[in-house]
Amino acid sequence: MLSNSLIEKISRDLNNSKRVVAFTGAGISAESGIPTYRGKGGFWTKYDPDKYASIDYFEKDPSYYWSFFKESRKPILENAKPNPAHYSLAELEKREKLRCVITQNIDGMHQQAGSKNVIELHGTTRNFRCKRCEKFYTLEEIGELLKVELPPLCKECKGIIRPNVIFFGEMLPQDALRRAISEAENCDFMMAIGSSLVVYPAAQIPLIAKDKGAILLIINVEPTGLDLSADYVINEKAGKVLPEIVEHLNSIS
Ligand code: APR
């Protein structure tokens, strides 16, 4: 249990804030069984990001991405369910205490938990498109194609199918980034949850909010490079902390 006074202070500030925004990373989905990228057991300790997550390597050899996707990511995604941290943010949005979730995650957990206003800076691995004709594919359709061929080829034009994620080496979706920056510039309370805050330009979002005078709360089990700039740092699991904050907020508002 976190100290009551800390939860009380955070909940009070949250309650007095008018434009609250959440910024999330892989850590918020860790309790859903989706591995984070860095730190012990992280995805990048098993797969080489310079191969798995690089557009140049995907262009050269898409089967590297697709074999590890089929072996590891797809089963994890199919079994993953939102955890109390995702549901807490969805509840805050429903109570009109959260304007949006800006996420680096590609797992779709926020939407499955009920969050409506989600800005996906790194795209999504829940759907796919043909590189040649842009035909859209769902995760289920990809699962069927992967049973018979790897890499999966477009049913229309036999082009290579790719995930709608942003690979390293690709630009972030400009509209999503613009919206995220605008939300960060105009918020008065920013929660950075479950991110190592090392991948730019996404990691600049909490910093922009802080620079514009917002209260910055960091919830992360390990220290981050932004901790010294934060008003509050909680090194606890998001699935434990967020429900406590929401529960206290409900009791004072
Ligand atoms: N609750 C809170 N924080 C947690 C939890 C948890 N249950 N479990 C792990 N963490 C923390 C870890 O300590 C780590 O600092 O979450 C953080 C996850 O950091 P990363 O694995 O680096 O994930 P993220 O910050 O989202 O990475 C950013 O890097 O590889 C790219 O595109 C990928 O979007 C990703 C980006």
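In this predicted model, 22 residues surround the ligand, and the ones that come nearest are Tyr37, Arg38, Ser195, Ser196 and Glu222. By type, the shell around the ligand splits into eight nonpolar residues, nine polar ones and five charged ones. Both domains pitch in: at least three residues of the shell come from domain 1 (1–33 + 81–122 + 172–253), and at least three from domain 2 (35–79 + 125–165).

Some of the contacts can be pinned down atom by atom. Arginine 38 has a side-chain N or O atom 2.7 Å from an oxygen atom of the ligand. For serine 195, too, a side-chain N or O atom sits 2.7 Å from a ligand oxygen. With alanine 238 it is the backbone that takes part, placing an N or O atom 2.9 Å from a nitrogen atom of the ligand. As for how much of the ligand is covered, its surface when taken alone comes to 740 Å², and the protein buries 93% of that.

Turning to the cysteines, the disulfide count is zero. Cysteine 100 is in no disulfide, and the nearest cysteine sulfur, belonging to cysteine 187, is 8.4 Å away. Cysteine 100 is buried, its relative accessible area being 0%. Cysteine 154 has its nearest cysteine sulfur, that of cysteine 133, at 3.6 Å, and is in no disulfide either. The cut-off settles this case, because a disulfide needs two cysteine sulfur atoms within 2.5 Å. Cysteine 154 is buried as well, with a relative accessible area of 0%.

Methods: Residues are numbered from 1 along each chain as its sequence is written. This is a predicted model: local features need pLDDT of at least 70, side-chain atom pairs count only at pLDDT 80 or more; totals for chains, interfaces and linings use all residues. Side-chain values use heavy atoms; hydrogens and water are left out. A residue is near a molecule or strand if one of its heavy atoms lies within 4 Å of it. A polar contact is a pair of N or O atoms within 3.5 Å; within protein, one must be able to donate a hydrogen and the other to accept it, and residues adjacent in sequence count only if both atoms are side-chain atoms. Accessible areas come from the Shrake-Rupley method with a 1.4 Å probe; for residues, only the protein chains shown count as cover. Ala, Val, Leu, Ile, Met, Phe, Trp, Tyr, Cys and Pro count as nonpolar, Asp, Glu, Lys and Arg as charged, and the others, Gly among them, as polar. Domain bounds come from an automatic or database domain assignment. Buried means under 20% relative accessible area, exposed over 50%, partly exposed in between (1.4 Å probe, protein chains only).
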